[in-house]
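Welcome! Please take a moment to look over the sequence and the model before reading on.

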Amino acid sequence: VNGRLQFGFPYFPLSLLAAFPGQLLGHDPRYSQLLAIECAALLMAFARRSGIGAIAAALYVTAPRNFFVLEQSWTEPFVVLGAALVMFVACRRSRWTPWLFGAFVAIKQYLVFALPAAVLLARRRDGLRGVVMVLVKGAIVGGAITLPFVLWNPQAFIRSVVTLQFYQPFRGDALSYLAWWAGLGHEPPSTVIPFALAALASAVAAWRLPRTAAGFSAALAFTFFVFFALNKQAFANYYFFVLGSLLTTVAAWRPPDDESGSEPDGGAGAVVDVA
């Protein structure tokens, strides 16, 4: 208004903090995003001993739209890095898994739909308590990162990070079925649709997928593909994250007869001990 921007940084603070080293050292945040892509690929490559992770990593770094995502300085490379890091430590059943899961969710607003996937990061024998502990530890980390910025200026934070997202206009050029439907001459469908179906998809994924690192990554890919494919805004950066989640699933996959890495609880699943 009158040449004055009415909102601040529109994403969670961790995205800004992750971009800061590239800006500080190279005067361009895209150096941080390039490093995030390379680090995510390394995590995929060394996730399992089978070697299939190297194939996933190669596909990730050679994806045809990588340079476009970098050119536009989209934040999804940080999101994929977060997903790959959670997958990597979950493969090792590390106690760091819940903490890193919290940092992952604190990267971007839409990752709220990743919360049901916490079920897949807890041991089955720990029951509800295990899931709660994953969420509590994750909330501690996410809160520690985000809360100082909220307290700095609560009203400005809510306006820029939360309410602004709901005022974003419907995009007829979005890569989504809603845009396709509107392009046929129909009224744009309700924006409640993607939220409702993403919530349903995340619940189904948490219910049906195995409690393994690969199950967690598959839940991300499924949930967010549904969300973006039916959203009012959906572009290359969103599907960059979906592709990254699919490839982390491949990297985390373990052959059923791989006894050396069998899960506790008779293979039923136990990603991390949260006690």
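The notes below walk through a helix pair, a core, an enclosed helix and two single residues.

## Two helices side by side

Keep in mind from the start that this is a predicted model. A good place to begin is helix α2, residues 30-45, which packs with helix α5, residues 76-91. Their axes lie 8 Å apart and make an angle of about 25°. Angles under 35 degrees count as roughly parallel, and α2 and α5 are therefore roughly parallel to each other. The crossing of α2 past α5 is left-handed.

Which residues of α2 and α5 meet? From α2 come Ser32, Gln33, Ala36, Ile37, Cys39, Ala40, Leu43 and Met44. On the α5 side they find Pro77, Phe78, Val80, Leu81, Ala84, Leu85, Met87 and Phe88. Sorted by class, this contact holds 14 nonpolar residues, 2 polar ones and no charged ones.

## The nonpolar core

In soluble globular proteins, nonpolar side chains tend to be buried together. Here, the largest nonpolar core has 65 residues. Phe104, Phe224 and Phe241 are the residues with the most contacts inside this core. Helix α5 supplies the largest share of the core, with 11 residues.

Let us visit Phe104. Setting aside neighbours within four places in sequence, Phe104 is in contact with Val79, Gly82, Ala83 and Val86, among others. Its contacts also include Leu111, Ala114, Phe216, Leu220 and Phe241.

## An enclosed helix

Helix α6 spans residues 97-105, and 7 of its 9 residues are buried, so α6 is largely enclosed by the rest of the structure. The buried ones are Thr97, Pro98, Phe101, Gly102, Ala103, Phe104 and Val105. Phe104, met above in the core, is thus one of the buried residues of α6.

What do the buried residues of α6 pack against? Their partners are α1, α5, α7 (127-152), α11 (213-229) and α12 (236-252).

## Two single residues

Asp28 sits in the loop between α1 (13-26) and α2. Is Asp28 buried or exposed? Its relative accessible area is 18%, and buried means under 20%, so Asp28 is buried. Leaving out neighbours within four places in sequence, Asp28 is in contact with Gly22 and Gln23.

Val162 belongs to helix α8, residues 154-166. With a relative accessible area of 33%, Val162 is partly exposed. Val162 and Val89 are 73 residues apart along the chain, and their C-alpha atoms are separated by 30 Å.

Definitions and conventions
Residues are numbered from 1 along each chain as its sequence is written. This is a predicted model: local features need pLDDT of at least 70, side-chain atom pairs count only at pLDDT 80 or more; totals for chains, interfaces and linings use all residues. Side-chain values use heavy atoms; hydrogens and water are left out. Axes are lines fitted to C-alpha atoms, for helices over the stretch in contact, and angles run from 0 to 180 degrees between N-to-C directions. Helices (H or I, at least four residues) and strands (E, at least two) are DSSP runs, numbered from the N terminus. Angles under 35 degrees count as roughly parallel, over 145 as roughly antiparallel, 65 to 115 as roughly perpendicular and the rest as oblique. A crossing is left-handed if the near helix is turned anticlockwise from the far one by less than a right angle, and right-handed if clockwise. Contact means heavy atoms within 4.5 Å. Ala, Val, Leu, Ile, Met, Phe, Trp, Tyr, Cys and Pro count as nonpolar, Asp, Glu, Lys and Arg as charged, and the others, Gly among them, as polar. A nonpolar core is a set of buried Ala, Val, Leu, Ile, Met, Phe, Trp, Tyr and Cys residues joined through side-chain atoms within 4.5 Å. Buried means under 20% relative accessible area, exposed over 50%, partly exposed in between (1.4 Å probe, protein chains only).
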